[in-house]
Amino acid sequence: MKIAVFDSGIGGLSVLYEARRQLPREPFIFFADEDHVPYGTKTPEEVQGFVAEAFDFLIRQDVKAIVVACNTATSVAVPAMRARYDLPIIGMEPAAKKALDLDGEHRVLVVATPITVKGQKMQLLIDRVDKDHLVDRLALPRLVEFAERQDFDGPDVLAYLRAELAPYDLSQYSALVLGCTHFNYFKPAFREILPPSMHFVDGNEGTVRELRRQLASRHQLEDLGPQVTYYYSGREVTDASEQKRLNDYLQQLEKVYTL
């Protein structure tokens, strides 16, 4: 049986990359809902419908676990999916606690999509972990659009980030929390703007650790050999140009992984 990694688009490749690093002998399905990306600017009701449709497809592929590599989908749809299906469903949340634990004195900036930034799940997370009121939130919806067209550090990207970050005194911040998996591609662009003292924090490693823990508890860890099947909104990716596109994203992740 395979593990599914699901995202609104190609941001979830960063979670797949980490999952293959930690579980190199497991087979995977990667599902990008390219027909409906971006999720972060849609209504919660629309996202719930997209996620339900994607899960129906993935369950038919006889997967043993689904990683929802999308903070937006996690915040509005994962509870309903867990009530509907009896298999491990691992969601994501912005790693604000991890960022606060790194320092505890300076401010932390969480960047994510509008739905995630404004959502109840985010508010509950901040209320739980941010006892000293050090966390700020910023929606960066255009980064998803830039990522989908593979513009990671062009002049439009840098201009957008400089404009959005201009209101913040970044010298007062210790970490930037990447609260959308699409944002991992932009570490070099962020690095041009952020002070050297600011660290990047994301939830990928912790999410995959939880995946491994849940599979181990069910005795479902396997050694079947590395394999990934890619789907765009339920259509298997077989076109050579699209396969190259996916490989280009994975190469970008190789470059940014240690930043």
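Two strands count as paired if DSSP finds at least two bridges between them. With that in hand, welcome to this predicted model. A good place to start is Ala-32, which stands opposite Tyr-232 in strand E9. From there, the tour takes in an open sheet of six strands, another open sheet made of four strands, and then the pockets.

**The six-stranded sheet**

- Reading across this open sheet, the strands come in the order E4-E3-E1-E2-E9-E10, and their pairing is mixed.
- Strand E4 (89–90) and strand E10 (235–236) sit at the edges with a single partner strand each, so one side of each has no neighbour in the sheet.
- Helix H10 packs on the sheet, where it touches strand E1 (2–7), strand E3 (63–68) and E4.
- The direction of H10 makes about 160° with that of E3.
- Six bridges link strand E2 (residues 27–32) with strand E9 (residues 227–232), and the two pair in the parallel sense.

**The four-stranded sheet**

- Here the order is E6-E5-E7-E8, the sheet is open, and the pairing is parallel.
- Its edge strands are E6 (135–139) and E8 (199–201), each of which pairs on one side only.
- From one strand to the next, the twist averages 25°.
- Strand E7 (residues 173–178) runs parallel to E8, and three bridges join them.
- To find this pairing in the model, look for Val-177, whose bridge partner in E8 is Val-201.

**The largest pocket**

- This pocket holds about 380 Å³ of space.
- Its lining has 18 residues, and those nearest the centre are Lys-187, Phe-200, Asp-202, Tyr-257 and Leu-259.
- At least two lining residues come from each of helix H1 (13–22), helix H9 (187–193), strand E8, helix H10 (204–217) and helix H11 (240–256).
- H1 gives the most, with four residues.
- By type, the lining divides into seven nonpolar, four polar and seven charged residues.

**The second largest pocket**

- About 310 Å³ of space lies in this pocket.
- It is lined by 18 residues, with Glu-93, Ala-95, Gly-203, Gly-206 and Thr-207 nearest its centre.
- Helix H4 (96–102), helix H6 (120–129) and H10 each contribute at least two residues to the lining.
- H10 gives the most to this lining, with four residues.
- Seven of the lining residues are nonpolar, four are polar and seven are charged.

Notes. Residues are numbered from 1 along each chain as its sequence is written. This is a predicted model: local features need pLDDT of at least 70, side-chain atom pairs count only at pLDDT 80 or more; totals for chains, interfaces and linings use all residues. Side-chain values use heavy atoms; hydrogens and water are left out. Axes are lines fitted to C-alpha atoms, for helices over the stretch in contact, and angles run from 0 to 180 degrees between N-to-C directions. On a 1 Å grid over the protein atoms alone, a cavity is a set of points where a 1.4 Å probe fits but cannot get out, and a pocket is an open set with protein on both sides within 12 Å along at least five of seven lines; lining residues have an atom within 4 Å of a point. Grid points are joined across faces, edges and corners, and a volume is the space filled by probe spheres set on the points. Ala, Val, Leu, Ile, Met, Phe, Trp, Tyr, Cys and Pro count as nonpolar, Asp, Glu, Lys and Arg as charged, and the others, Gly among them, as polar. Contact means heavy atoms within 4.5 Å.
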